[in-house]
Amino acid sequence: MHIVADENIPLLDAFCGGLGRLTRVDGRTLGPGQLADADVLLVRSVTRVNADLLAGTKVRFVGTATIGTDHVDTHWLARQGIAFFSAPGCNASSVVQYVLSVLSLFMVRQQRSGFDGLTVGVIGAGNVGGALVQRLLDLGASVRVSDPPRQEQGADLPFASLDDVLQCDVVSLNTPLIPEGPHATAHLLDAARLSRLGAGQLLVNSGRGPVIDNRALLARLQAPDAPLVALDVWENEPEPSAELVDECWLATPHIAGYSLEGKSRGTEMIAHALHQWAGAEFHARLASVLPPPPLSELHVTDHATPMDALHRALMACYDPRDDDSRLRGAFARGDAAGVPRGPVFDELRKRYPVRREPSSLTIAMPPDTAVQRTLSHCGFRVVEASGV
Ligand SMILES: NC(=O)c1ccc[n+]([C@@H]2O[C@H](COP(=O)([O-])OP(=O)(O)OC[C@H]3O[C@@H](n4cnc5c(N)ncnc54)[C@H](O)[C@@H]3O)[C@@H](O)[C@H]2O)c1
Ligand SMILES: O=C(O)[C@H](O)[C@H](O)COP(=O)(O)O
């Protein structure tokens with residue numbers, strides 16, 4: 001079996017080494033010529049998988065090690081009888097970690113001492129948004145959800161109209177990109193909806209860039225009383241609008257799902273599906289393949305409030321300002337050297353530093369149920385240690 005795979009899929013040798021010949025390619029520039037004798041194609045989100053890429057090849061299995069599938073023409077694959085697998089939920093906890101870290105920075109900026117009275121609107125409550133809603137409810141925030149498909153299915157969530165959700169202190173977008181149909185999300189936040197957001201609010205997009213009309217967002221951010229905006233995903237990736245990057249509070253290069261666990265889980269899920277499809281036994285397990293976390297212990301003193309402790313723990317694990325500075329610094333250096341922004345954006349993603357999820361951080365602290373509860377709600381492991 002000849003497997004052609006994006007070079008940015010981690011741990012593929014560990015998971016698929018025994019299945020056949022493995023050829024690694026640049027997923028962004030992959031063309032049909034590189035698939036001439038491929039049986040299997042494994043991608044991430046930067047490869048458009050459609051008739052233009054696959055017609056005339058003998059590829060029979062396509063896997064994407066990502067949650068999003070908007071880069072894949074699944075209808076065409078189905079019509080050709082080509083098996084297709086994605087990795088639902090693989091990096092959901094990483095995206096939740098990103099949103100909670102952004103939210104925590106916002107709360108510090110607003111000098112809020114806790115979640116009481118904070119309203120958070122979540123648009124799209126699937127694997128990512130659903131987990132985010134649960135965390136926020138556990139933390140004591142007031143949550144409103146817009147997810148018409150799940151509402152129609154009768155899910156038990158605090159549903160509200162999109163207009164009500166847009167009035168929340170914080171609005172988090174976690175929908176797929178759906179170009180058309182009754183629940184289309186392309187430009188869901190258009191100029192009219194963006195005009196309802198104002199000063200004191202925070203808008204976070206870690207779903208897909210085109211869910212917000214980026215030109216309309218830029219115009220909104222250049223007008224008075226603009227909200228704060230944190231964008232991880234952009235229209236026209238890998239070349240987001242330079243002006244929009246400048247206007248954003250936090251700008252990151254589509255890395256919300258880039259924890260080591262999240263990316264590796266994506267590989268494990270498609271490798272598992274590929275083994276099943278090929279009738280081969282699957283032995284590798286993520287826990288045995290991942291290195292032990294470099295970050296092991298944080299000490300919380302008995303003076304810390306739950307909010308202080310949570311902020312420290314979140315920042316120790318993942319601080320989005322680091323990714324924001326890396327993006328702005330790399331763009332500035334690239335602009336000065338005449339390097340186009342697309343390769344700079346892709347390079348930041350390719351060379352992304354190792355980032356671990358909250359479950360990898362053990363927090364040693366004196367007995368304090370309120371602080372412990374808060375940290376545990378966010379996935380941290382808490383151990384009691386006297387005299388910290
Ligand atoms: N930034 C990143 O690194 C990153 C990482 C992972 C996923 N994502 C993106 O986040 C998206 C969501 O991930 P997920 O795991 O929660 O997906 P999911 O499929 O589990 O959930 C998506 C939810 O969106 C809802 N939805 C669909 N149309 C809607 C609409 N018009 N309005 C409101 N809600 C709507 C669905 O009903 C569903 O509950 C992915 O499709 C992907 O595009 C981004
Ligand atoms: O959909 C997803 O899973 C994420 O957007 C994913 O993290 C994208 O990363 P990429 O495939 O572009 O490396």
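Two strands count as paired if DSSP finds at least two bridges between them. Keep that rule at hand for the exercises below, which work through a predicted model.

**Exercise 1. Which residue is the bridge partner of V120 in β7, and how many bridges join β6 to β7?**

Start with the strands themselves: β6 covers residues 119-123, and β7 covers 142-146. Five bridges join them, and they run parallel. Pairing asks for at least two bridges, so this pair qualifies. Now look at a single position: V120 has V143 as its bridge partner in β7.

Next, step back to the whole sheet. Six strands make up an open sheet, ordered β7-β6-β8-β9-β10-β11, with parallel pairing. The edges are β7 and β11 (250-251), each of which pairs on one side only. As general background, strands of a sheet pair through backbone hydrogen bonds, either parallel or antiparallel.

**Exercise 2. Which strands does β4 pair with, and which way do the residues of β4 point?**

Begin on one side: β3 (residues 40-43) is joined to β4 by four bridges, and the two run parallel. Here V40 stands opposite F61. Then take β5 (residues 83-85), which three bridges join to β4, again in parallel. On that side, V62 has F84 as its bridge partner.

Finally, follow the side chains along β4 (residues 61-64). F61 and G63 point one way, V62 and T64 the other way, and all are buried.

**Exercise 3. What surrounds ligand 2, and how much of ligand 2 does the protein bury?**

List the shell to begin with: R44, S45, V46, T66, I67, G68, N91, R208, H254, Y258 and R349. Sorted by character, these residues give three nonpolar, five polar and three charged.

Now turn to distances from oxygen atoms of ligand 2. A polar backbone atom of I67 is 2.6 Å from one, and a backbone N or O atom of G68 lies 2.7 Å from one. The side chain of N91 also takes part, with an N or O atom at 2.9 Å. Taken alone, ligand 2 exposes 350 Å², and the protein buries 94% of that.

**Exercise 4. Are Q111 and H254 buried or exposed, and what is the phi of each?**

Look at the backbone before the surface. Phi is near 55 degrees for Q111 and near 55 degrees for H254, a positive value in a residue other than glycine. Q111 sits in the loop between α4 (92-109) and β6, while H254 belongs to the loop between β11 and α11 (260-278).

Then apply the cut-offs: under 20% is buried and over 50% is exposed. Q111 has a relative accessible area of 73%, so Q111 is exposed. H254 has 12%, so H254 is buried. Recall that H254 is also one of the residues around ligand 2.

**Exercise 5. How many disulfides are there, and where does C16 stand?**

The rule asks for two cysteine sulfur atoms within 2.5 Å. By this rule the count is zero. For C16, the nearest cysteine sulfur is that of C90, 14 Å away, and C16 is in no disulfide. C16 is nonetheless buried, because its relative accessibility is 1%. C248 counts as buried too, at 6%.

**Exercise 6. Where is the cis peptide bond, and what does the side chain of R341 contact?**

The cis bond joins E237 and P238, with omega about 10 degrees. P238 is in the loop between β10 (228-231) and α10 (242-247).

R341 is placed in helix α15 (residues 341-350). Its relative accessible area is 16%, so R341 is buried. The side chain of R341 makes a polar contact with the side chain of D335, at 2.6 Å.

Technical notes. Residues numbered from 1 in each chain as written. Chains lettered and ligands numbered in written order. Predicted model: local features only at pLDDT ≥ 70, side-chain atom pairs only at ≥ 80, totals over all residues. Heavy atoms only, no water. Buried < 20%, exposed > 50% of the residue type's maximum accessible area, 1.4 Å probe, protein only. Near = heavy atom within 4 Å. Polar contact = N/O pair within 3.5 Å; in protein donor to acceptor, adjacent residues only side chain to side chain. Areas by Shrake-Rupley, 256 points an atom, 1.4 Å probe, with all protein chains shown as cover. Nonpolar A, V, L, I, M, F, W, Y, C, P; charged D, E, K, R; others polar.
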